[in-house]
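Colleague: Could you take one strand of this protein and go through it closely, with its neighbours and its surroundings?

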Amino acid sequence: YNEYKSYLRSNLDYNMSNLLEVEGVPIDQEGRCMCGAVKFRIQGQQITSAYCHCRACSRKTGMAPVHVIVVRPQSAVTITEGENDVKIVEGYRKIKHHICGSCGSPIMQYSVVVPFVDVFPTSFHIENGKDCKLPERYKPELHANYENRHYDFCDDLPKYNVFPPDGKVDNQGNALD
């Protein structure tokens with residue numbers, strides 16, 4: 001495992017190797033695409049919940065930032081229904097996006113060089129009949145890739161030029177370290 005971590009540290013785009021050190025908390029969550037053709041289950045370790053400002057997330061979804069939950073291992077996401085409807089799209093850099101081939105909803109995305117996967121809480125099955133408010137455990141904890149933001153965010157969440165713990169910045173992107 002340590003050799004694998006060393007390999008990843010030397011081959012990761014950006015500074016994602018810091019996420020290898022995070023303990024994580026258990027996640028067991030079901031979700032589905034917008035049309036319901038694809039259903040999935042996430043069972044693994046939630047590493048973080050973040051607003052991601054990177055180009056891969058922004059360009060694929062058409063918005064910035066994108067709320068992602070980073071989960072380990074990559075195999076944490078299981079398609080439980082509609083596996084034949086899942087389309088894999090090559091993305092920016094080495095990112096693979098899994099989307100519903102019918103409605104285009106994102107299911108998950110991952111880089112081929114990291115042992116974790118990004119999932120989108122907007123596709124979690126949490127509705128209670130009147131709202132879709134996320135439980136506390138899924139709310140964003142930070143902004144990642146803030147150097148790629150479209151505009152400044154004036155919230156109290158910590159912001160990182162790339163990934164934590166290095167490169168912490170203020171709301172205007174000025175270095176704090």
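Modeller: What follows is a close look at one strand and the two strands beside it. This is a predicted model, in which local features need pLDDT of at least 70 and side-chain atom pairs count only at pLDDT 80 or more, while totals for chains, interfaces and linings use all residues. Residues are numbered from 1 along each chain as its sequence is written, and side-chain values use heavy atoms, with hydrogens and water left out.

The protein chain has 2 helices and 11 strands, where helices (H or I, at least four residues) and strands (E, at least two) are DSSP runs numbered from the N terminus. The strand I have chosen is β6, residues 95–100, and 6 of its 6 residues are buried, buried meaning under 20% relative accessible area with a 1.4 Å probe and protein chains only. Cover is found on both faces of β6, with Ile95, His97 and Ile99 buried on one side and Lys96, His98 and Cys100 buried on the other. For the chain as a whole, 46% of the 177 residues count as buried.

Strand β5 (residues 86–90) runs antiparallel to β6 and is joined to it by 5 bridges, pairing being counted if DSSP finds at least two bridges between two strands. Within this pair, valine 86 stands opposite cysteine 100, and the hairpin has 4 residues between its strands, with arginine 93 in the turn at a positive phi of about 60°.

Strand β7 (residues 106–111) also pairs with β6 in the antiparallel sense, over 5 bridges, and there methionine 108 is the bridge partner of histidine 98. The hairpin of β6 and β7 has 5 residues between the strands, and glycine 104 takes a positive phi near 85°.

Conventions: Buried < 20%, exposed > 50% of the residue type's maximum accessible area, 1.4 Å probe, protein only.
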